[in-house]
Amino acid sequence: MKAITHARYGNTDTLTFDDIATPAPGDDQVVVAVDAAGLDMGVWHRMSGLPYLARTDSGLRRPRGSVLGSDFAGRVTAVGPAVVGVAIGDEVFGTADGTFAEHAITTPDRIAPRPRTLSAAEAASLPTSAVAALQALRDVAGVTANDRVLVIGASGGVGSYAVQIANALGAHVTGVASTPKLGHVRDLGAHDVIDYTRHDIDSTGETWDVVLDGGGNRPVRLLRRVLDEHGTLVFYGGEQGGRWTGGTGRWLRGLLLSPFVSQHLRVLASTVSRDALLDVTRLIDAGHIEGPVDRTFPLPDVPAAIDALRAGRIRGKAVIVP
Ligand SMILES: NC(=O)c1ccc[n+]([C@@H]2O[C@H](COP(=O)([O-])OP(=O)(O)OC[C@H]3O[C@@H](n4cnc5c(N)ncnc54)[C@H](OP(=O)(O)O)[C@@H]3O)[C@@H](O)[C@H]2O)c1
């Protein structure tokens with residue numbers, strides 16, 4: 001089968017459009033034919049091996065898996081003898097090992113039936129990003145109706161879902177993004193927007209009950225300044241934090257400070273499970289969220305897709321179609 005592989009950490013020039021063996025399922029595994037594969041910033045981290053801290057998960061000297069990509073929508077083509085509840089032909093979405101390929105291996109606890117109303121590309125844009133947004137807002141911050149929520153990174157993959165889900169929870173949403181993407185953030189349902197290229201988040205003197213921090217690398221003191229006295233700050237991302245730890249130094253400072261202040265400073269570590277995928281599907285079925293797919297790329301163009309994401313040229317999500 002065709003696949004995008006990498007044998008060492010580096011830039012997109014380390015990627016190869018390859019012919020490799022189609023995987024066969026182990027006892028408790030499922031093989032899926034990939035109809036579409038979602039791209040998110042985690043793919044860049046696994047490709048580059050940066051920050052180095054992330055290599056504890058992906059392999060210290062060289063990448064553990066040779067095929068990139070984790071999110072997908074597709075069809076089950078083979079199941080191991082111990083698998084129950086999943087059958088050949090099922091249309092599913094979720095995460096798998098190496099989805100920038102025609103087939104990928106997964107397990108039943110990482111997949112769920114594909115939402116009926118979505119295209120394969122829209123469904124593939126959901127797993128990592130929508131689940132992260134839902135878990136940040138609902139499980140970590142406990143957002144309820146009328147909360148005022150600030151989403152920093154609102155035009156990105158996670159942020160585009162966060163704006164929609166915060167809206168569905170009844171919150172008043174302010175999205176932070178760059179000038180060309182403000183319209184996209186408004187279209188997703190943000191009540192207010194802040195153009196961070198012109199004013200920073202503290203320019204209006206407002207405070208928010210919940211701040212999701214997923215873009216830029218703002219100091220903890222600035223984030224706390226825009227947070228209500230008893231509000232919750234959720235760190236979930238940020239890309240300019242250096243080669244060793246990325247932005248996680250700020251996260252650690254926040255966690256250490258949290259017990260000593262009235263505000264709640266939290267870190268998101270999201271997990272894509274079958275239950276989380278079913279929760280997202282319920283939001284889709286209720287008409288609360290849709291897949292904000294900006295562009296699709298054919299499989300050989302994965303390097304161009306990753307470069308576009310990294311350069312900030314994607315609004316919402318990019319999806320790979322094998
Ligand atoms: N903790 C977790 O469990 C978890 C789960 C998923 C993802 N993540 C992390 O979350 C982050 C976002 O991932 P993603 O896939 O959504 O990436 P993405 O699609 O590239 O989105 C990044 C966002 O950051 C914004 N941004 C960049 N510089 C900014 C600045 N100075 N101020 C405000 N916003 C800025 C971008 O806005 P413009 O394009 O408008 O400039 C864009 O909306 C990444 O660091 C990723 O690793 C963490």
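**Exercise 1. Decide whether Ser160 is buried or exposed, and describe its surroundings.**

Step 1: Ser160 has 0% relative accessibility, so it counts as buried. Here buried means under 20% relative accessible area, exposed over 50%, and partly exposed in between (1.4 Å probe, protein chains only).

Step 2: Place Ser160 in the fold: the residue lies in helix H5. Helices (H or I, at least four residues) and strands (E, at least two) are DSSP runs, numbered from the N terminus.

Step 3: Follow the side chain of Ser160, which reaches the backbone oxygen of Gly156 at 2.7 Å. That pair is a polar contact, meaning N or O atoms within 3.5 Å; within protein, one must be able to donate a hydrogen and the other to accept it, and residues adjacent in sequence count only if both atoms are side-chain atoms.

Step 4: List the partners of Ser160. Leaving aside neighbours within four places in sequence, they are Ala154, Ser155, His184, Leu188, Pro292 and Gly316. Contact means heavy atoms within 4.5 Å.

A note before you go on: this is a predicted model, in which local features need pLDDT of at least 70 and side-chain atom pairs count only at pLDDT 80 or more, while totals for chains, interfaces and linings use all residues. Residues are numbered from 1 along each chain as its sequence is written, and side-chain values use heavy atoms, with hydrogens and water left out.

**Exercise 2. Work out which residues surround the ligand and which parts of the chain they come from.**

Step 1: The shell around the ligand has 26 residues, and the closest are Ser178, Lys181, Tyr196, Tyr236 and Glu239. A residue is near the ligand if one of its heavy atoms lies within 4 Å of it.

Step 2: Sort the shell by residue type: ten are nonpolar, twelve polar and four charged. In this sorting, Ala, Val, Leu, Ile, Met, Phe, Trp, Tyr, Cys and Pro count as nonpolar, Asp, Glu, Lys and Arg as charged, and the others, Gly among them, as polar.

Step 3: Trace the shell to the domains. Domain 1 (2–125 + 292–321) and domain 2 (128–267) each give at least three residues; such bounds come from an automatic or database domain assignment. Helix H1 (41–48) and helix H5 (157–168) each supply at least two.

Step 4: Look at the polar atoms. A polar side-chain atom of Tyr196 lies 2.5 Å from a ligand oxygen, and a side-chain N or O atom of Lys181 is 2.6 Å from a ligand oxygen. For Gly153, a backbone N or O atom lies 3.3 Å from an oxygen of the ligand. Taken alone the ligand exposes 930 Å², and the protein buries 84% of that. These areas come from the Shrake-Rupley method with a 1.4 Å probe; for residues, only the protein chains shown count as cover.

**Exercise 3. Describe how the two domains sit relative to each other.**

Step 1: The C-alpha centres of domain 1 and domain 2 lie 27 Å apart.

Step 2: Their contact takes 21 residues from domain 1 and 19 residues from domain 2.

**Exercise 4. Walk along helix H1 and into the loop that follows.**

Step 1: Start at the N-terminal end of H1, which Asp40 caps: a side-chain oxygen lies 2.8 Å from the backbone nitrogen of Gly42.

Step 2: Gly42, Val43, Trp44, Met47 and Ser48 are the buried residues of H1. Their cover includes strand E3 (30–39), helix H2 (55–58) and helix H10 (302–310).

Step 3: After H1 comes Gly49, with a positive phi near 70°.

Step 4: In the loop between H1 and H2 you will find Pro51. The Leu50 to Pro51 peptide bond is cis, with omega near -10°.

**Exercise 5. Compare helix H4 with Asn146: which is largely enclosed, and which is exposed?**

Step 1: Ten of the 14 residues of helix H4 (residues 127–140) are buried, so the helix is largely enclosed by the rest of the structure. Among them are Val131, Leu134 and Leu137.

Step 2: Just after H4, Gly142 takes a positive phi of about 60°.

Step 3: Asn146 sits in the loop between H4 and strand E8 (148–152). Asn146 is exposed, with a relative accessible area of 66%.

Step 4: Check the backbone of Asn146: its phi is near 75°, a positive value in a residue other than glycine. Most residues other than glycine have a negative phi, and most peptide bonds are trans.
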